[in-house]
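Here are my notes for anyone opening this structure for the first time. Keep the viewer at hand and follow the points in order.

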Amino acid sequence: MTRTVSFSGYLALWVFAIALALIEAAVVIYLRALGGNALFPLHDALRALGTHLNSLEVFREVATLVVLLVPAYLLQVSLLLRVAAYALVFAVWDLAYYGFLWLFLRWPGSLLTYDVLFLIPKPWVAPVICPIAVAAALVLGSTCYLCFARNRSVRSPSLLEFSALLIGIGILVLSFTWESDYYLRGGLPPRFAWWLFLPGYALALLGGAHLLFQFARQDKARFF
């Protein structure tokens with residue numbers, strides 16, 4: 001087992017995530033061609049796909065999350081570095097996915113365009129600026145963590161940092177699913193729980209920033 005993720009390994013994570021994002025974007029383009037380009041009303045879009053394809057889409061989402069885990073798992077590094085690598089792959093994949101959709105479809109038209117993020121366990125709906133903001137923070141945070149770990153002993157989050165990250169992420173997920181029933185009943189955007197998203201995002205950012213700040217302050221170690 002190595003102590004750090006090499007620069008070539010870091011680049012490989014980016015290449016993997018971007019390639020998978022292209023596949024994901026292509027699948028979504030096909031689904032929109034089958035069910036129509038309009039995502040909302042959501043119940044009409046889901047009905048157009050049919051029960052069988054809806055179930056298949058859920059399994060595809062689970063499979064995608066598992067596939068994203070594989071390159072991080074295969075790294076011969078500690079668990080914390082694997083977690084940081086997974087966060088990086090997931091975030092780059094998400095950002096590249098929206099980049100490819102805009103490139104091929106010129107969608108989304110703006111950062112406030114609403115999108116269905118996931119269907120597990122029920123629809124996650126939010127303006128695209130929200131997943132993009134989360135993904136951008138993950139890319140920056142995970143990159144900093146992996147860089148700091150190249151010449152420092154890997155730092156575990158403190159109880160306070162871990163709690164802030166966990167609670168913040170939980171609130172973010174809740175904000176994405178808060179209006180699920182409204183959309184399943186045929187409601188149209190805009191309707192989003194900003195009052196949940198913004199505090200959750202801020203809390204997770206504070207926890208992550210404090211972890212990185214304390215990590216950067218550690219004395220550098222010489223690895224042999």
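1. Start with aspartate 115, whose bridge partner in strand 2 is alanine 126. That pairing belongs to a wider arrangement: strand 1 (residues 114–118) and strand 2 run antiparallel and are held by 4 bridges. A hairpin of 5 residues leads from strand 1 to strand 2. Please keep in mind throughout that this is a predicted model.

2. Now look at the two sides of strand 2, which spans residues 124–127. Trp124 and Ala126 lie on one side, Val125 and Pro127 on the other, and all of these are buried, leaving both faces of the strand covered.

3. The loop between strand 1 and strand 2 is worth a pause, as proline 121 is found there. The peptide bond joining isoleucine 120 to proline 121 is cis, with omega about -10°. A second cis bond joins proline 189 and proline 190, where omega is about 0°. Proline 190 sits in the loop between helix 6 and helix 7. These bonds deserve a look because most peptide bonds are trans.

4. Another backbone detail is found at arginine 106, in the loop between helix 3 and strand 1. Arginine 106 is not a glycine, yet its phi is positive, at about 55°. Most residues other than glycine have a negative phi. With a relative accessibility of 49%, arginine 106 counts as partly exposed, because the exposed class begins only over 50%.

5. What does threonine 177 touch, once its neighbours within four places in sequence are left aside? The contacts are Lys122, Pro123 and Trp124. Threonine 177 itself lies in helix 5 and, at 10% relative accessibility, counts as buried. The C-alpha atoms of threonine 177 and leucine 117 are 9.8 Å apart, although 60 residues separate the two along the chain.

6. Next, the interior. The largest nonpolar core has 58 residues, and Trp93, Phe176 and Phe197 have the most contacts inside it. Helix 3 (residues 79–105) gives the largest share of this core, with 14 residues. Beyond its neighbours within four places in sequence, tryptophan 93 is in contact with several residues, including Ala17, Leu20, Leu68 and Phe118. Glu24 is also among the contacts of tryptophan 93, and this glutamate comes back in the next point.

7. How many salt bridges does a search of the whole structure find? There are 4. One of these joins the side chains of arginine 60 and glutamate 24, at 2.6 Å from N to O. Arginine 60 belongs to helix 2 (residues 42–74) and glutamate 24 to helix 1 (residues 7–35), so this pair ties together parts 36 residues apart in sequence. Arginine 60 and glutamate 24 are both buried. Glu57 joins them too: Glu24, Glu57 and Arg60 are linked in a network of salt bridges.

8. Is the pair of glutamate 161 and arginine 155 buried or exposed? Glutamate 161 has a relative accessibility of 2% and counts as buried. Arginine 155 is buried as well, with a relative accessible area of 17%, because buried means under 20%. The two form a salt bridge in which the closest N and O atoms are 2.8 Å apart.

9. A further salt bridge brings together the side chains of arginine 191 and glutamate 179, at 3.0 Å from N to O. The pair links distant parts of the chain, 12 residues apart: arginine 191 is in the loop between helix 6 (180–184) and helix 7 (194–217), while glutamate 179 is in the loop between helix 5 (159–177) and helix 6. Arginine 191 counts as partly exposed at 37% relative accessibility, whereas glutamate 179 is buried at 15%.

10. Finally, please visit aspartate 94, which is found in helix 3. Which side chain of opposite charge is nearest to aspartate 94? The nearest is arginine 60, 11 Å away. Aspartate 94 is buried but has no salt bridge, because a salt bridge calls for nitrogen and oxygen within 4 Å. Leaving aside neighbours within four places in sequence, aspartate 94 is in contact with Pro131 and Ala135.

Notes
Residues are numbered from 1 along each chain as its sequence is written. This is a predicted model: local features need pLDDT of at least 70, side-chain atom pairs count only at pLDDT 80 or more; totals for chains, interfaces and linings use all residues. Side-chain values use heavy atoms; hydrogens and water are left out. Buried means under 20% relative accessible area, exposed over 50%, partly exposed in between (1.4 Å probe, protein chains only). Contact means heavy atoms within 4.5 Å. Two strands pair if DSSP finds at least two bridges between them. A nonpolar core is a set of buried Ala, Val, Leu, Ile, Met, Phe, Trp, Tyr and Cys residues joined through side-chain atoms within 4.5 Å. Lys and Arg count as positive and Asp and Glu as negative; His and the chain ends are not counted.
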